Amino acid sequence: MYLGTLFRIVPLVLISLYPGPARGGVRAHEWLVWPPGVPAVADADGRLCQRLDGAPSPLSGGPAGEEGAAAEAEKPTPTPANGSMSPEAVSGEDVSRENEGPEEGSAAKGERHAQPSLEAGVAPVEGETERVEEESRAEDSRAERQTDPGRAGESGGMDAGEPGGGEGIGDAAGEQGTPAGGQGAEEGAEPEAAGGAPLGVDSITERGPGEEEAGGEPGEGEGGSVGGVQQSGGGEGSEGQDRAEGIEDAEAAVQQALPDGSEYDRGQGGNEVRNARDGSPAEGLGEAVVRDADAGDEAGTRFDPVPTDQLTTPPRLKKGFNQAPAPVGGPRGVLLEGRVVVEFDVGKDGQIHGVRVVESTEPELNERTLLDAERFEWYPAEVDGFAVDSRARLAIDWVRGAEVSRLAEAPFRKGELSMLGQVQLINAESSFGVGLGTANIDKIWYAEVRPNLNLHFERLSIGFGMRLRFQVFDTNVVEQGNPTTYSAGFAEAGRFRAEDWDRFVNYPYTDLVRPLRYVTWGRKEEHLFVDVSRVHAITIGHGQLVRRYAPNVDIDESNIFAELDAYQDFGGMEVMLGPLPIPRLLGGLFFIKPLGPFRDDYRSKSLSIGLTYVTDLNVPTVLVTSQDPVTGRVQYPIDKGRFIYDMRDQVVGYGVQGVGIDAEFKPIKTKQYNIKTYVDYSHLFFPDVPDAGIDAFGGGGATLGGLFRFSWGSRPVRPLERETEAVRLGLAPRETKAAYAARLRAELKAFDPQYVPSYFDSLYEVDKYQFGFGTTPLEERATLPTKMAFLAGQGGDPRRVGCYLEATYALVDWFALSLVYQDAWPLSSSDSSVPEAREIIFHAETQGLKFLQLFASYHYRNFELEDWERLFTFTSDNEIFYLGGRFRLWMFALNLGLQRGFRMDFLPDDGPPRPYEEGGEAYPHSSVGLENQWNYDLEFEIGWQF
C-alpha cells in the first residue's frame with residue numbers, strides 16, 4: 001500500500017516542480033501537492049484544479065501528459081447524476097472554493113468541457129461495445145430521470161459512471177449517486193479514497209433532451225459516456241483514457257463533433273453548445289449538467305443567488321401562466337390534470353436557466369410544462385431596488401376548463417346596447433334545423449314548416465329562414481254553440497297561405513329575397529358596419545329624420561333593408577336603402593372631421609360636421625276611398641291586399657325629402673364614460689299634389705342633445721376553447737369586452753307644426769297610410785288621413801317644443817333594458833296636447849344565455865294625455881307589442897313569436913266586392929284598413945346549435 005501511495009505522489013511532485021508557463025500570474029510550483037484519493041475536477045487545460053473535499057485547490061505545473069493522466073486515472077470520479085457539484089449544491093448552497101492565489105482569474109475557475117464523442121473522430125476505447133449495449137438500456141429510464149432529478153441516483157450511480165466500476169456514492173440527500181472508481185459507499189456516505197479515474201476534461205459534460213446516456217452494471221468496465229461524449233471508466237480492468245492532450249485539442253474535437261451551425265461556448269461559468277446564428281442552445285444538447293455557483297472567467301459572469309429571506313422583491317412572472325387548461329395527451333387520450341412544480345434560476349437580467357421539475361402529480365405533463373416554462377419571462381428579484389440573481393419555484397396547475405388570467409383591457413362599449421326596434425327574435429348562436437309548429441293569424445289556424453340556418457362568426461353573421469304555412473281551421477266562420485258550423489272551418493284546410501308570397505311576381509317583388517333574413521358584418525359605431533336585414537331597426541345619425549325605422553310592422557309584409565356605416569379620422573358615412581330588390585326609401589349621412597387628420601387629442605377627433613339626406617321616392621298622398629251603398633260608410637278598395645293611390649306601382653312617384661345638418665363634439669372622454677353633445681337642424685319637403693288639393697309645403701325643427709355613455713368591467717369575448725394556442729397558454733392577451741354599459745340620451749326640441757321629429761320611425765310603414773289611430777272607432781278608420789296629408793293640414797298652428805329621453809342599461813350580451821319617452825307642447829295656444837309627437841316604449845331582452853333567449857317590446861303611440869290609463873290595456877290600435885322566445889334543450893328547441901302588429905282587415909258587413917268607380921274592376925272594400933291584431937307562432941325545432 002505504501003508503494004502504491006509513493007508511486008502516486010512522486011509523479012505529481014515532479015510535475016509540480018516543472019517551471020511551466022504562468023497561469024493567471026501564479027506558477028504551478030507555488031501550489032501544494034495533490035494528495036492521493038481526493039476527488040477533483042480539472043481546469044480548462046485539463047489540469048487538476050479543485051478539490052471536492054473542501055481543501056485548498058493545487059494546480060499542476062503544466063498540461064497533464066500521458067503519465068499524469070494515467071496516474072490520475074486511479075482517482076475516483078464524483079459526478080452527481082443531477083448535475084450538481086456536491087450534495088450541498090443540491091440544496092442551493094455555494095459549495096465552490098476560491099483558489100488560494102492572490103490574483104484573479106487564476107486557472108480559469110469553474111470551466112467545464114465535454115470530451116469529443118466517437119463521431120468526432122476520437123479513437124474508441126476498450127469496452128465501447130458494452131457501452132453501446134448499455135446505452136439502449138439506459139434510454140428506457142432517461143425521460144423519468146429528466147423530469148425527476150432526485151431519482152437519478154437510485155441505481156447507485158450516474159449512468160455514465162457505472163461502466164467505470166463501483167456501485168456509486170450516494171449524496172447527502174440520499175437519492176443521487178456519484179460513481180467512484182472503487183467500491184461504492186452507502187447512501188449519504190462520504191467518498192472513499194479508493195483508486196479511480198479523476199474527473200478530467202470529459203468528466204462533467206453536457207446532457208440535453210434526446211441524448212443517449214451510457215449505462216452499465218457496477219463492476220468492471222472500460223469506459224462510458226455522458227450525453228454522447230466519451231468518458232473513461234475506472235476500477236479494476238480499466239486502463240483509463242489519455243486526457244493529457246491539452247484543452248486546445250479537446251475543444252477542437254468537441255467543435256468537430258457538434259452539429260452544423262453550432263459553436264462551443266465557455267461563458268457563464270459552464271460549458272454550453274450554442275447555435276452560431278442566434279446564440280440559442282443547440283438542439284438536443286441543452287445546458288451543462290453541472291455549474292459551479294462561484295465559477296466565472298473572462299467570458300462569463302458569476303451566478304450567486306440571493307437567499308429568499310433577503311430579497312426585498314421576489315422574482316415576478318412577466319409573461320406566462322400558473323394555471324392552464326388541461327391538455328389531451330398520452331395513449332389514454334384523456335385530459336391530463338395535475339400540478340407540476342418547476343424550479344429555475346432567475347438572473348438579474350430576467351433570464352431563466354436550468355428549468356427542472358421538482359414535484360409532479362402527473363408525469364405525462366412534465367415535458368409539456370418544461371417546454372412552456374422555458375418560454376416564460378420574469379422580472380428579476382430585487383434587493384433595495386437593485387436586480388439580483390435568485391432561485392424560484394412555480395407551481396403550474398393544469399385544470400379542466402381553466403382560464404388563463406391574462407386578459408387584455410376591455411375596450412369602451414360603443415354602439416347600440418339593445419335590439420330595440422326589432423320585431424323578430426334572432427338566435428344569437430349558430431344553429432341549423434327545421435321548425436314544425438302552428439300559427440294563428442286573424443283567428444285562422446295554420447300548420448307551418450320553417451327551415452332555418454344561423455351562422456355567427458367572429459364578425460360575420462348570416463341567417464336564412466322562411467315560413468311555409470298551410471291553413472287548418474278558420475274560426476271566423478264558426479258560431480259558438482252551433483256545432484253545425486264547425487265543418488265550415490275546415491272548408492279551406494290545406495290551402496297554402498299566399499299572402500306571405502304575394503310580392504313574388506308582383507311589384508315591388510320583395511318576396512324574391514324572402515329566404516334571406518340577415519347578413520351582418522361588425523357592429524354599429526365601428527369603423528365598418530354592414531347590415532342587410534328584415535328584422536333590425538335602422539337609425540341615421542342622431543335620429544332626427546330616421547330613428548329606429550322598422551320595415552316589417554305589417555304582418556303580411558316582409559321587407560329587407562340594407563345599411564352601411566364607415567368612418568375614419570377624416571370623416572365617414574351612414575347609408576340605408578330598401579326594400580330590396582327595388583329600393584324606395586333611400587338615405588344617408590355624410591360627415592367630416594376637420595381636425596381629425598391633424599390632431600391626436602380626442603376632442604379634435606370628435607368634432608364633426610354632417611349632412612343628412614333621406615327620401616321616400618313614392619309615398620301615398622291621398623288614398624282612394626268610396627262610400628258603401630248600403631251602410632253609407634267610407635271604405636277603402638283593396639287590391640291584392642294593398643291600398644290604392646296615385647302612382648302606387650311606380651318606382652318614383654310623389655316623394656318626401658328630408659335634409660339635415662348637424663355638428664357634434666365630445667367634451668369629456670375617459671376609459672369608463674364619455675359625453676357627446678350635438679346640435680341638429682332638419683327640414684322636411686313635401687310635394688305639390690294638385691289632384692288632392694295639396695300645395696308643396698315643408699317644416700323644420702332644431703335639436704340640442706347630449707349622449708352620456710358609460711362602460712365598465714370586463715369579460716372574455718369568446719370561450720377559452722375557441723381561443724388561439726398562444727392565448728390559451730397565456731403567451732398572448734385574451735380579448736375582452738365591457739361587462740356593463742349604460743346610455744342616457746336627452747334632447748330638447750323646437751319645431752314647426754308641419755314637421756314631426758323622426759319622421760321615418762318604427763311605425764312609418766303604417767302611419768304613411770293612416771295617421772293618428774288613437775281611439776278612432778273601426779267603422780270610421782277610412783276617414784283617417786295619410787301622414788303627409790295630416791301635416792299638410794297643420795299649417796297655421798303654433799310652433800312646438802318637446803323633449804326626447806332614452807335610457808338603456810345592459811349586462812353586455814346578456815341582458816338589456818330600455819325606456820323611451822318623448823312629448824311635445826304647442827306654444828301660444830290653449831291646446832296643450834300634441835299626440836302625434838307623444839310616445840312611450842319599454843324594451844327588455846336577454847340573448848346571452850345559450851339555452852334561453854327572450855325579448856319583448858311595447859310601444860304606445862299617438863295618445864292624448866287623458867289616455868294614460870289605457871297603457872298596457874291593448875284596447876286601442878295605438879299599442880304595439882312584440883315578443884320572441886327560444887328555449888333549447890340539446891337538439892331540440894321551442895320557439896315562440898307573439899306580435900300585436902298590423903294587417904288589412906274587414907268588418908263583417910263590409911259587403912261583397914264592387915268597383916269604386918263606374919265601369920271599373922270590382923274590389924273588396926274595407927271600412928277598417930290596417931288594424932292592430934294579435935298573431936303568434938309556436939314551433940318545435942329539431943336541429944343543432946353550436
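Student: Which residue of S23 stands opposite Phe 464?

Tutor: Leu 516 is the residue in S23 that faces Phe 464. The model is a predicted one, in which local features need pLDDT of at least 70 and side-chain atom pairs count only at pLDDT 80 or more, whereas totals for chains, interfaces and linings use all residues. Residues are numbered from 1 along each chain as its sequence is written, and side-chain values use heavy atoms, with hydrogens and water left out.

Student: What makes strand S21 and strand S23 a pair?

Tutor: Two strands pair if DSSP finds at least two bridges between them. Strands themselves are DSSP runs of E with at least two residues, helices are runs of H or I with at least four, and both are numbered from the N terminus. Five bridges join S21 (residues 460–465) to S23 (residues 516–521), so the requirement of at least two is met. The two strands run antiparallel.

Student: How do you know that S23 also pairs with strand S24?

Tutor: Four bridges connect S23 with S24 (residues 528–533), again in the antiparallel sense. Within this pair, Trp 521 stands opposite Val 530. The two strands form a hairpin with six residues between them, and Gly 522 in the turn has a positive phi of about 75°.

Student: Why are S10 and S14 called edge strands?

Tutor: Both belong to an open sheet of four strands in the order S10-S18-S13-S14, with mixed pairing. Strand S10 (323–325) and strand S14 (352–360) each pair on one side only. Inside this sheet, nine bridges join S13 (residues 338–346) to S18 (residues 390–399), which run antiparallel. There, Gly 338 has Trp 398 in S18 as its bridge partner.

Student: Why is Thr 485 called buried?

Tutor: A residue is buried under 20% relative accessible area, exposed over 50%, and partly exposed in between (1.4 Å probe, protein chains only). Thr 485 has 12% relative accessibility, so the residue counts as buried. Thr 485 is found in the loop between strand S22 (468–474) and helix H8 (486–489). Leaving aside neighbours within four places in sequence, Thr 485 is in contact (heavy atoms within 4.5 Å) with Val 477, Val 478 and Glu 479.

Student: What makes Asp 937 and Arg 469 a salt bridge?

Tutor: A salt bridge is a side-chain nitrogen of Lys or Arg within 4 Å of a carboxyl oxygen of Asp or Glu. The closest N and O atoms of Asp 937 and Arg 469 are 3.2 Å apart, so the pair satisfies the limit of 4 Å. Asp 937 lies in strand S46 (residues 929–945) and Arg 469 in strand S22, so the pair ties together parts that are 468 residues apart in sequence. Asp 937 is buried at 9%, and Arg 469 is buried at 8%. Both residues are part of a network of salt bridges, whose members include Asp 442, Glu 448 and Arg 467.

Student: How do you know whether the partners Arg 599 and Asp 601 are buried or exposed?

Tutor: Neither label applies, because Arg 599 at 43% and Asp 601 at 31% both count as partly exposed. Their side chains meet in a salt bridge at 3.7 Å, N to O.

Student: How many salt bridges does the rule give?

Tutor: The count comes to 63. Another of them joins Arg 514 and Asp 511 at 3.0 Å; Arg 514 is buried at 11%, and Asp 511 is buried at 2%.
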